[in-house]
Amino acid sequence: MEVIICPTYADMSRAAAREVANVLYAKPNAVLGMATGSTPLGLYQELVRMHREEGLDFSQVTTFNLDEYVGLSPQHEQSYHFFMHENFFKHVNIPPQNVYIPSGTTNNYKAFCEWYERRIKEVGGIDIQILGIGSDGHIAFNEPGSSLMSRTRLKTLAKPTIDDNARFFAQREDVPIYAITMGVGTILEARELILLANGKKKAHAVAEAVEGPVTSMITASALQLHPAATVFLDTEAAAELKMRDYYQWIQKNKPGAPRT
Ligand code: PGA
């Protein structure tokens, strides 16, 4: 796992956007795995800027989102469909038919989840998956205890996640308690993973995920099993890492390292 520590949230967002753009330059029809939440907003803004100012082209791109709340229609302002449209899709040129987001309103979740997994395989798999991390160490809505081999399925949200997300709803009771989410096993099949985290609220979960044991209690720790995972942090989110100096030493010396 590579750990990149950036001075600020804006620097972290730009570094992660460069990683996504590099995938697109190498493979214009790449399949991108998208994440929601407050963390990737800066990354999306930077990709939109690159699209507008540098001609970064999304016309052949396909996307799959990690998760969606059960019971919220795509028009609901807190749905992840709405979030993605407002914060990213409406600003770039991804063909709408290439956008996949789990349905929060299907009447057959099992069949939907199987179809979603099948579609990912049919388009050739995800090239780069963007991830955030919950304060309980989750990736997507894979709450503590989720199997590290899990696939796309219905999950009951953990209390800390509901508490964290309550800030987006008028009242805590409005936060859905079920979600449909890609599994940890689904996520690990992406060719490249990038996880972003900022702020001191994430410092503990980040340290557990990066330096703790691989455990289903911190599903982000599964990134340790992936051959191409990079964690982008701001200084606050990196604060509890024991090996922080080592990561910064590697970062500093990387430009001069022999090309592989
Ligand atoms: P956040 O959510 O980006 O809003 O902090 C991250 C997550 O729960 O995965």
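In this predicted model, the ligand is surrounded by Gly37, Ser38, Thr39, Gly132, Ile133, Gly134, His138, Arg167 and Lys202. Sorted by class, that shell comes out as six polar residues, two charged ones and one nonpolar one. With glycine counted as polar, the nonpolar member is Ile133 and the charged pair is Arg167 and Lys202. As for where all this happens, the ligand sits in the largest pocket.

Oxygen atoms of the ligand come up in several polar contacts. Lysine 202 has a side-chain N or O atom 2.6 Å from a ligand oxygen. For serine 38 the backbone does the job, with a polar backbone atom 3.0 Å from an oxygen of the ligand. Arginine 167 joins in through its side chain, where an N or O atom is 3.4 Å from a ligand oxygen; this counts as a contact because the cut-off is 3.5 Å. How much of the ligand does the protein bury? Taken alone, the ligand exposes 280 Å², and 84% of that is buried by the protein.

Turning to the aromatic side chains, the count comes to 13 aromatic pairs. One of them brings together tyrosine 69 and tyrosine 80, with ring centres 4.9 Å apart and planes at 40° to each other. The pair goes down as tilted, since that angle falls neither under 30 degrees, as stacking would need, nor over 60, as edge-to-face would. The two tyrosines are eleven residues apart and link distant parts of the chain: tyrosine 69 belongs to strand E4 (residues 67-69), while tyrosine 80 is in helix H3 (residues 80-87).

Notes:
Residues numbered from 1 in each chain as written. Predicted model: local features only at pLDDT ≥ 70, side-chain atom pairs only at ≥ 80, totals over all residues. Heavy atoms only, no water. Near = heavy atom within 4 Å. Polar contact = N/O pair within 3.5 Å; in protein donor to acceptor, adjacent residues only side chain to side chain. Areas by Shrake-Rupley, 256 points an atom, 1.4 Å probe, with all protein chains shown as cover. 1 Å grid on protein atoms, 1.4 Å probe; cavity = no way out; pocket = protein on both sides within 12 Å on 5 of 7 lines; lining within 4 Å. Sits in = over half its atoms within 2 Å of the grid points. Phe/Tyr/Trp six-rings, centres within 6.5 Å; stacked < 30°, edge-to-face > 60°. Helix = DSSP H or I, 4+ residues; strand = E, 2+ residues; numbered from the N terminus.
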